[in-house]
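Dear colleague,

I am passing on the structure we spoke about, so that you can look at it alongside these notes. Please open it before reading further.

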Amino acid sequence: MRKDLENTIILLIFVLSKKHIAMELIYTSPIGLKVFDARELDGNFTITGNAKQSETIVSFESAYDFEELIKSKVKCEGIDFDSEFCQFFAYAKTKAKALAFVNRIEKHFEKLKNMCK
């Protein structure tokens, strides 16, 4: 039920902030990010969501804080950012770049979790 609500909220944000165009969910990350094929909307693959503290070990005051940490700790070449206070947004031109970016984020937090054990 909670996952359905999350997906609905994410889709609603897109509907309210941009024209309604169907986006295909490509990948759901265990840390709380999702990758959508939004090429029909803006020509990009969209990475969005909110980091789960249980997976990141770090509590973020806002999506801006999460974005800043990602920019400083993860390779972001070819990624554009446009987060809002309550939700992280990043964009890649290709599916491979979007998935590789999310994979680097996951690896960063996995490394952090292992250091805290």
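What follows concerns one strand with its partners, and then a group of aromatic rings.

Please keep in mind throughout that this is a predicted model.

Strand 2, which covers residues 33-38, has 6 of its 6 residues buried, so this strand is largely enclosed by the rest of the structure. Its side chains are divided between two directions, with L33, V35 and D37 pointing one way and K34, F36 and A38 the other, and all of these residues are buried.

The strand has a partner before it and another after it in the sequence. Strand 1 (residues 24-28) pairs with strand 2 in the antiparallel sense over 4 bridges, and E24 has D37 as its bridge partner. These two strands form a hairpin with 4 residues between them, and in that turn G32 has a positive phi of about 110 degrees. Strand 3 (residues 44-49) also runs antiparallel to strand 2, to which it is joined by 6 bridges, and here F36 is matched with T46 as its bridge partner.

As for the aromatic rings, the count comes to 7 pairs. In one of them, F60 and F66 meet edge-to-face, at 5.1 Å centre to centre and with 85 degrees between the planes. F81 and F101 are likewise edge-to-face, at 6.0 Å and 70 degrees; because F81 lies in strand 4 (residues 79-81) and F101 in helix 5 (residues 95-115), the pair ties together parts that are 20 residues apart in sequence. F66 is buried, with a relative accessible area of 2%, and F101 is buried with a value of 0%. These four residues belong, with F88 and F109, to one aromatic cluster.

With best wishes

Conventions. Residues are numbered from 1 along each chain as its sequence is written. This is a predicted model: local features need pLDDT of at least 70, side-chain atom pairs count only at pLDDT 80 or more; totals for chains, interfaces and linings use all residues. Side-chain values use heavy atoms; hydrogens and water are left out. Buried means under 20% relative accessible area, exposed over 50%, partly exposed in between (1.4 Å probe, protein chains only). Two strands pair if DSSP finds at least two bridges between them. Rings of Phe, Tyr and Trp (its six-membered ring) pair if their centres lie within 6.5 Å; planes under 30 degrees apart count as stacked, over 60 as edge-to-face and the rest as tilted.
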